[in-house]
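Got the viewer open? Let's take a short walk through some charged side chains, one selection at a time.

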Amino acid sequence: MEMVKRINRQAAVLLIVVALFSALFDWKRMPLGVLVGGLLALANLKGIHWGVNAMIRPGTANVAKGRLIVFSFFRLMVMFVVLAILLYLHLINIFGVLIGLTIVFVLILKEGLVASKNL
């Protein structure tokens, strides 16, 4: 849980800075795309954290595996629908979304490396 909190704090700062910087390129859609991509990635991370915690809880492994598969598919569909609607309405830039997703992904990798070195 501590790692997820650190990732959330670092991502909030980085996403805001990058969104402000990206306003120089496409001032209408790029900053919102960066923020939406980052928020979707953080929500997905929280869902993964919830699913893994449910799976490692004693006595719930068999039930949690099925729920984890269903919940993972549900998260994927929600992300797809949100992105499709925002893209259809021309509210976000797809490159901004990819930048936001990449920022959170790199932070997850960095925090994973830091945690592995502390073991």
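Before the first stop, a word on helices: here a helix is a DSSP run of H or I with at least four residues, and helices are numbered from the N terminus. Keep in mind that this is a predicted model.

**Stop one: R6 and E2.** Select these two side chains. They meet in a salt bridge, with N to O at 3.0 Å. Why can they pair up? Both sit in helix α1 (residues 2-22), 4 residues apart, so about one helical turn separates R6 from E2. In general, side chains of opposite charge can pair when their charged atoms come close. Switch on a surface if you like: E2 is exposed, at 57% relative accessibility, while R6 is partly exposed at 23%.

**Stop two: R6 and E111.** Keep R6 selected and add E111. Here's another salt bridge, 2.7 Å from N to O. This pair links distant parts of the chain, since R6 belongs to helix α1 and E111 to helix α4 (residues 94-117), 105 residues apart. Is E111 buried or exposed? It's buried, with a relative accessible area of just 2%, and the cut-off for buried is under 20%.

**Stop three: K110.** Now add K110 to your selection. K110 forms a salt bridge with E111, and their closest N and O atoms are 3.0 Å apart. K110 itself is partly exposed, at 35% relative accessibility.

**Last look.** Show E2, R6, K110 and E111 together: salt bridges with shared partners join them into one network. How many salt bridges does the count come to? The total is 3.

Conventions. Residues numbered from 1 in each chain as written. Predicted model: local features only at pLDDT ≥ 70, side-chain atom pairs only at ≥ 80, totals over all residues. Heavy atoms only, no water. Salt bridge = Lys/Arg side-chain N within 4 Å of Asp/Glu carboxyl O. Helix = DSSP H or I, 4+ residues; strand = E, 2+ residues; numbered from the N terminus. Buried < 20%, exposed > 50% of the residue type's maximum accessible area, 1.4 Å probe, protein only.
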